[in-house]
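Trainee: I would like a close look at one part of this model, with its surroundings described step by step. Please start from the whole chain and work inward.

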Amino acid sequence: HSSFQRLVKTQREITGAWTMTGDADYLLRVYCADLPALNRFTQDILLPHPSIGRVHSQIVMEALKDTGALPA
């Protein structure tokens, strides 16, 4: 867990990280310039890391609502 935390803290492409229930242990929000950059990040940084066994990606096509504000 601490090795994974170091990875999350040191990679500028990772802008958010959460522990999860269900099939995945973690959810990462990753920003890359384009798909080739995402592929390089996945292949060169994430998959070689000893604490990562599998990566499943989903790409946001459009943000319909993006606010951090909680309802009053």
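Mentor: What follows goes from the overall fold to one strand residue, then to a neighbouring loop residue and the pocket.

The model is predicted. Its protein chain has two helices and two strands, and the order along the sequence is α-β-β-α. Taken along the principal axes, the C-alpha atoms fill a box of roughly 40 × 30 × 25 Å. Of the 72 residues in the chain, 18% are buried. Among contacts with a separation of 6 or more, 30% join residues 24 or more positions apart.

Now the strand residue. Gly16 sits in strand E1, which covers residues 14-19. Is Gly16 buried or exposed? Its relative accessibility is 11%, and because the limit for a buried residue is under 20%, Gly16 counts as buried. Beyond residues up to four places away in sequence, Gly16 touches Leu27, Leu28 and Arg29. For one of these, Arg29, the C-alpha atom is 4.8 Å from that of Gly16, with the two positions 13 residues apart along the chain.

Arg29 also appears among the contacts of a second residue, Glu13. Glu13 is in the loop that runs between helix H1 (2-10) and E1. With neighbours within four places in sequence left aside, Glu13 is in contact with Arg29, Val30, Tyr31, Cys32 and Phe41. Glu13 is buried, yet has no salt bridge. The nearest side chain of opposite charge belongs to Arg12, at 4.5 Å. A salt bridge needs a side-chain nitrogen within 4 Å of a carboxyl oxygen, so the distance to Arg12 does not satisfy that cut-off.

The contacts of Gly16 lead on to the pocket. Leu27, Leu28 and Arg29, which Gly16 touches, are also among the residues nearest the centre of the largest pocket, together with His56 and Ser57. The lining of this pocket comprises 33 residues. Strand E2 (26-30) and helix H2 (35-46) are the elements that give two or more residues to that lining. The volume of the largest pocket is about 1,300 Å³. By residue class, its lining divides into 19 nonpolar, seven polar and seven charged residues.

Taken together, Arg29 links the three parts of this account: it is touched by Gly16, it is in contact with Glu13, and it is one of the residues nearest the centre of the largest pocket.

Methods. Residues are numbered from 1 along each chain as its sequence is written. This is a predicted model: local features need pLDDT of at least 70, side-chain atom pairs count only at pLDDT 80 or more; totals for chains, interfaces and linings use all residues. Side-chain values use heavy atoms; hydrogens and water are left out. Helices (H or I, at least four residues) and strands (E, at least two) are DSSP runs, numbered from the N terminus. Buried means under 20% relative accessible area, exposed over 50%, partly exposed in between (1.4 Å probe, protein chains only). Contact means heavy atoms within 4.5 Å. On a 1 Å grid over the protein atoms alone, a cavity is a set of points where a 1.4 Å probe fits but cannot get out, and a pocket is an open set with protein on both sides within 12 Å along at least five of seven lines; lining residues have an atom within 4 Å of a point. Grid points are joined across faces, edges and corners, and a volume is the space filled by probe spheres set on the points. Ala, Val, Leu, Ile, Met, Phe, Trp, Tyr, Cys and Pro count as nonpolar, Asp, Glu, Lys and Arg as charged, and the others, Gly among them, as polar. Lys and Arg count as positive and Asp and Glu as negative; His and the chain ends are not counted.
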